[in-house]
Amino acid sequence: MNIRRGREADLPQVLALIQELAEYEKAPQEVTNTLADMQRDGFGPEPIFQFFVAEDAAGVIIGIALYYTAYSTWKGRMLFLEDLVITENQRGTGLGRKLFDAVVAEARRTGANRMKWQVLKWNEPAIGFYKKLGAHLDPEWDNGNLSHEQLHAYVCHPAAEAAVQA
């Protein structure tokens, strides 16, 4: 198994793993991201995410750790691990730990003061994985989201809209 930084050519296999994760999480219809979106957002003029891949001896990507830099008003720079995905038949092999370690090392390299991620409350294997690593899973916070439809239906104050246009 080889762990390395992701490249643009990896994106078709990365998107396939994302779709596999959505199947596992019983929400395949929720994936609206496209290869073109990922190419623009990861390798365009203003990249907003990076990733590590785990590949087998044949060069097939069997795991990913996709992350981005975020900012905490209390702590400063942090890395947010958006998804850690291991293809089903490779789970339990230690590959997830290697990818997680790569993100931790990247957080240290970039001077991050914190690393965050989310895990579904029903995903006991993932919860067990993170607890085994000594991670703290915070029960005090709920996640807030606006869907694509809600985001576009939301009515902003005119002064806020004007500030964005300035």
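This is a dialogue between a student and a tutor about reading one predicted protein model.

Student: Where should a reading of the fold begin, and what pattern does the protein chain follow along the sequence?

Tutor: A list of elements and their order is a good starting point. In this predicted model, the secondary structure of the protein chain comes to six helices and five strands, and along the sequence these elements follow the pattern β-α-α-β-β-β-α-β-α-α-α. Taken along the principal axes, the C-alpha atoms fill a box of roughly 55 × 35 × 35 Å.

Student: Which numbers describe the protein chain as a whole, and how many of the 166 residues, as a percentage, count as buried?

Tutor: Burial, surface and contact range can be read side by side. Of the 166 residues, 33% count as buried, while the accessible surface comes to about 11,300 Å², with 53% of that area belonging to carbon and sulfur atoms. Among contacts between residues at least 6 apart in sequence, 56% join residues at least 24 apart. As for charge, the chain has 17 positive and 22 negative charges, and their mean positions are 10 Å apart.

Student: What does UniProt list for residues 1–161, and how should such a record be set beside the coordinates?

Tutor: A record and a model are separate sources, and annotations may be inferred rather than shown by experiment. The unreviewed UniProt entry lists "domain: N-acetyltransferase" for residues 1–161; in the model that span is 35% helix and 23% strand, with its end C-alpha atoms 49 Å apart.

Student: Which residues does the annotation "transmembrane region" cover, and what is the secondary structure there?

Tutor: According to the unreviewed UniProt entry, that annotation covers residues 48–68. In the model the chain over residues 48–68 is 0% helix and 67% strand, and the end C-alpha atoms are 6 Å apart. I would report the annotation and the computed values next to each other, and go no further than that.

Student: Taking a residue inside that span, is F49 buried or exposed, and where does F49 lie?

Tutor: The element comes before the environment in such a reading. F49 lies in the loop between α2 and β2, the latter being residues 50–55. F49 is buried because its relative accessible area is 11%, which falls under the 20% cut-off. Leaving aside neighbours within four places in sequence, F49 is in contact with L11, M38, D41, G42, L66, Y67 and Y68.

Student: How far apart in space are F49 and Q90, and what surrounds Q90?

Tutor: A distance in sequence and a distance in space are best quoted together. F49 and Q90 are 41 residues apart in sequence and 24 Å apart in space, C-alpha to C-alpha. Q90 is found in the loop between β4 and α3, the helix of residues 95–109, and counts as buried at 18% relative accessibility. Not counting residues up to four places away in sequence, Q90 touches M1, I62 and L95.

Student: How is a charged residue such as R4 to be read, and which side chain does a polar contact join to that of R4?

Tutor: Accessibility and polar partners should be considered together. R4 is found in strand β1, residues 2–5, and counts as buried because its relative accessibility is 13%. A polar contact of 3.2 Å joins the side chains of R4 and E55. Apart from neighbours within four places in sequence, the residues in contact with R4 are D10, F51, F52, V53, E55 and I61.

Student: In which strand is L79 found, and what is the relative accessible area of L79?

Tutor: L79 is found in strand β4, residues 76–86, and is buried, with a relative accessible area of 0%. Beyond neighbours within four places in sequence, the contacts of L79 include Y67, Y68, V103, A107, M115 and K116. L79 and G134 are 55 residues apart in sequence and 18 Å apart in space, C-alpha to C-alpha.

Student: Why is the phi of K26 worth noting?

Tutor: Most residues other than glycine have a negative phi. Phi of K26, however, is near 60°, a positive value in a residue other than glycine. K26 is found in the loop between α1, residues 11–24, and α2, residues 35–43, and at 64% relative accessibility K26 counts as exposed.

Student: Finally, is A160 buried, exposed or partly exposed?

Tutor: A160, which lies in helix α6, residues 158–165, is partly exposed, with a relative accessible area of 38%. A160 and A102 are 58 residues apart in sequence and 39 Å apart in space, C-alpha to C-alpha.

Terms used:
Residues are numbered from 1 along each chain as its sequence is written. This is a predicted model: local features need pLDDT of at least 70, side-chain atom pairs count only at pLDDT 80 or more; totals for chains, interfaces and linings use all residues. Side-chain values use heavy atoms; hydrogens and water are left out. Helices (H or I, at least four residues) and strands (E, at least two) are DSSP runs, numbered from the N terminus. Buried means under 20% relative accessible area, exposed over 50%, partly exposed in between (1.4 Å probe, protein chains only). Contact means heavy atoms within 4.5 Å. Accessible areas come from the Shrake-Rupley method with a 1.4 Å probe; for residues, only the protein chains shown count as cover. Lys and Arg count as positive and Asp and Glu as negative; His and the chain ends are not counted. The place of a charge is taken as NZ of Lys, CZ of Arg, CG of Asp or CD of Glu. A polar contact is a pair of N or O atoms within 3.5 Å; within protein, one must be able to donate a hydrogen and the other to accept it, and residues adjacent in sequence count only if both atoms are side-chain atoms.
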